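Hi everyone, thanks for coming. Let me put the structure up on the screen, and then we'll walk through it together.

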Amino acid sequence: MPKILVINPFPLDEAGVARRAAQSGHVQLDPDTELVYRPVRIGPTSFMSPHDWLIADLGIYEAGVTAEEEGFDAVVIDTMSDSGMAPLRSVLSIPVIGPGKASMLYALTLGSRFSVLAQWKPALPRYKKVIREYGFEAQCASVRSFDVEPDFINLTEGKEDATFPRMLETAMRCVEEDGADVICLGSTTMHQAAEYLSERLPVPLINPGPLSYKLAEAFLGLGLSHSRKAYPKPTERKDALVHALVDGAVNG
């Protein structure tokens with residue numbers, strides 16, 4: 001039975017984790033697949049700056065570094081920033097999937113150009129950073145925000161009537177003005193809007209969290225994992241140091 005660890009990028013309470021776990025309702029998984037959602041013990045308030053990205057990398061790495069010895073078969077990172085993916089790949093042999101890169105690559109199997117639907121303008125540097133690092137500048141039609149400040153705890157709950165039409169309007173501009181063939185939701189926190197948008201858009205919509213779960217199943221079924229040549233093992237692991245840093249932040 002495949003057991004997949006899904007790392008939430010914020011120190012969420014039980015209700016917050018449940019909102020994230022609702023993503024599994026957007027995809028049909030093997031009945032034997034088990035998704036285990038785990039929040040980080042430390043994390044940034046948001047993902048808007050290099051300061052935030054550093055803390056996110058540390059928190060997600062610490063949350064997932066023992067996944068293999070705990071018996072998990074794969075790890076999925078629950079943020080489009082792909083925070084912690086590269087360092088976890090360097091120490092784990094099981095598949096580690098970040099929805100940012102996965103969404104964009106999968107979009108290019110469905111069309112020739114994609115757009116990313118972001119929540120608000122302060123988030124745009126993060127998307128541009130990822131697109132540049134992954135070499136997708138030519139295939140990215142645009143990154144547009146619908147300018148609603150993100151709520152990483154409650155997501156879009158209670159704000160659907162106001163938010164969903166704005167999301168649709170912005171996504172349509174990506175299609176009609178920018179030439180996007182596919183739309184990628186810019187955050188796993190947007191999963192609640194996926195059905196609404198999919199029913200109204202003239203192009204495919206990528207819902208990053210559910211896609212990541214399905215890809216984890218596919219990798220496990222095919223016996224694939226990341227390349228050790230691309231993600232070499234560290235000369236000396238410093239897991240005790242990482243745990244101590246997180247312990248100090250939590251208990252200090």
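Let's start at the largest pocket: α2 (50-64), α3 (85-91) and α5 (124-134) each give at least two residues to its lining. Helices here are DSSP runs of H or I with at least four residues, strands are runs of E with at least two, and both are numbered from the N terminus. Before going on, a word on the source: this is a predicted model, where local features need pLDDT of at least 70 and side-chain atom pairs count only at pLDDT 80 or more, while totals for chains, interfaces and linings use all residues. Residues are numbered from 1 along each chain as its sequence is written, and side-chain values use heavy atoms, with hydrogens and water left out.

Back to the pocket. By pocket I mean, on a 1 Å grid over the protein atoms alone, an open set of points where a 1.4 Å probe fits, with protein on both sides within 12 Å along at least five of seven lines; lining residues have an atom within 4 Å of a point. This one has 14 lining residues, and Asp57, Ser81, Asp82, Ser83 and Lys129 lie nearest its centre. Which helix gives the largest share of the lining? That is α5, with 5 residues.

Now to the sheets. One is an open sheet of 4 strands in the order β2-β1-β3-β4, with parallel pairing; two strands pair if DSSP finds at least two bridges between them. Why is one side of β2 and of β4 left without a neighbour? Both stand at the edges of the sheet, each with a single partner strand, so one side of each stays free of a neighbour. Strand β3 (residues 74-77) pairs with β4 over 2 bridges, in the parallel sense, and Val76 has Ile97 in β4 as its bridge partner. Helix α8 (residues 208-222) packs on this sheet and touches β1, β2, β3 and β4, where contact means heavy atoms within 4.5 Å.

There is also an open sheet of 4 strands with the order β6-β5-β7-β8, and its pairing is parallel. Here β6 (140-145) and β8 (205-206) are the edge strands, each with a single partner, so one side of each has no neighbour in the sheet. Between β7 (residues 182-185) and β8 there are 2 bridges, in the parallel sense, and Ile183 sits opposite Leu205 in β8. Helix α4 (residues 99-110) packs on this sheet, touching β5 (114-118), β7 and β8.

That's my tour, and I'm happy to take questions.

Terms used: Axes are lines fitted to C-alpha atoms, for helices over the stretch in contact, and angles run from 0 to 180 degrees between N-to-C directions.
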